[in-house]
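Hi,

Here is the structure I promised to pass on. Please have a look, and then read on for what turned up in it.

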Amino acid sequence: MNGTPFPRARLHTLYFLGHVADFAPVFLDTDVDMTRVLAHRAAARTDGEAYSTLTYVLHTAARVVAAHPDANAAVHRGLFGHRVRSFTGASAKITLDKRLSGRRVVLSAVLPGLDTASLADIQRQVAHYRDGDPERMPEFAPVRSLQRLPEPVGRAVFRLSRRSLARREAMMGGFAVTSLGHRDVHGFHSVGGTTLTFGLGRVEERPVVRAGEITTAPLLRLNLAFDHRVVDGAEAADVLHEVKESLESLAPYTTGPQSTHTASAAETAAHGATD
């Protein structure tokens with residue numbers, strides 16, 4: 001037999017791809033003018049707060065997704081047909097570029113309660129997983145356990161763990177956000193195992209037309225993959241549009257107590273999702 005055994009450090013990815021084989025993904029994309037986000041980010045930095053682009057998208061998308069219960073849901077195909085479960089609030093899965101067992105791998109983490117979390121709270125959760133060591137973090141113990149199992153057993157364990165709709169949100173998140181913006185990638189589409197998956201590219205100055213004149217603006221290519229089994233295109237388009245509008249209308253950063261300036265941003269996102 002030719003070839004070598006599949007890398008154990010990537011077995012969880014192999015099992016995950018089997019899980020998403022039933023998905024019926026449809027892809028949308030838009031450009032987001034990040035002028036207000038970058039201004040907010042720069043002002044926050046002078047006040048000792050450092051927020052990533054991912055954090056802003058999580059903060060905004062969570063509030064939009066929570067306002068769309070039909071899209072904030074998951075589906076499971078059982079022996080007697082499909083069942084759908086809607087989630088309360090909004091949690092998100094993020095992807096992480098890590099090294100595990102000496103190999104570069106993609107790992108994921110679920111951040112709960114994002115629809116009521118401040119920017120600072122979300123950034124702390126992102127930083128916890130971004131800076132942590134997956135060889136030691138208890139959150140990644142299930143992945144490490146999967147590596148030690150024979151492949152047929154590991155695949156069966158993974159499949160069984162994802163069957164319960166009641167546990168789906170805690171294990172996979174209600175929606176997913178994944179980014180390759182650290183490289184010169186304009187945008188990309190990914191199926192994150194959730195009904196909605198947002199893909200982030202790089203923020204860069206690109207030509208735009210304003211009042212009939214050509215100028216430039218810092219644009220983010222924001223992609224959305226949605227599972228057509230759960231939601232139709234019109235509502236998915238509404239979600240993408242509302243996330244775009246909320247990011248573009250982000251309230252200015254204000255100094256003072258944390259609750260003041262993060263509440264301002266949260267209110268702007270919520271208004272953008274309903275106006």
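In this predicted model, helices α1 and α6 pack with their axes 10 Å apart and at an angle of about 50°. That angle makes α1 oblique to α6, and their crossing is right-handed. On the α1 side the contact involves Leu11, His12, Leu14, Tyr15, Phe16 and His19, which meet Glu151, Gly154, Arg155 and Phe158 of α6.

You may like the aromatic rings too: there are four aromatic pairs. One of them joins tyrosine 15 and phenylalanine 158, with 6.2 Å from centre to centre and 50° between the planes, a tilted arrangement. Tyrosine 15 belongs to helix α1 (residues 11-19) and phenylalanine 158 to helix α6 (residues 151-161), so this pair ties together parts that lie 143 residues apart in sequence. Tyrosine 15 is buried, at a relative accessible area of 3%, and phenylalanine 158 is buried as well, at 6%.

Tyrosine 129 and phenylalanine 140 make up another aromatic pair, this one edge-to-face, with centres 6.1 Å apart and planes at 75°. Here tyrosine 129 comes from helix α4 (residues 119-131), while phenylalanine 140 sits in the loop between α4 and α5 (141-148), 11 residues away along the chain. Both tyrosine 129 and phenylalanine 140 are buried.

One last thing to look at while you have the model open: the charged end of arginine 229 sits over the ring of phenylalanine 23, 5.0 Å from the ring centre.

Happy browsing, and best wishes!

Conventions:
Residues are numbered from 1 along each chain as its sequence is written. This is a predicted model: local features need pLDDT of at least 70, side-chain atom pairs count only at pLDDT 80 or more; totals for chains, interfaces and linings use all residues. Side-chain values use heavy atoms; hydrogens and water are left out. Rings of Phe, Tyr and Trp (its six-membered ring) pair if their centres lie within 6.5 Å; planes under 30 degrees apart count as stacked, over 60 as edge-to-face and the rest as tilted. Helices (H or I, at least four residues) and strands (E, at least two) are DSSP runs, numbered from the N terminus. Buried means under 20% relative accessible area, exposed over 50%, partly exposed in between (1.4 Å probe, protein chains only). A charge sits over a ring if NZ of Lys or CZ of Arg is within 6 Å of the ring centre and within 35 degrees of the ring normal. Axes are lines fitted to C-alpha atoms, for helices over the stretch in contact, and angles run from 0 to 180 degrees between N-to-C directions. Angles under 35 degrees count as roughly parallel, over 145 as roughly antiparallel, 65 to 115 as roughly perpendicular and the rest as oblique. A crossing is left-handed if the near helix is turned anticlockwise from the far one by less than a right angle, and right-handed if clockwise. Contact means heavy atoms within 4.5 Å.
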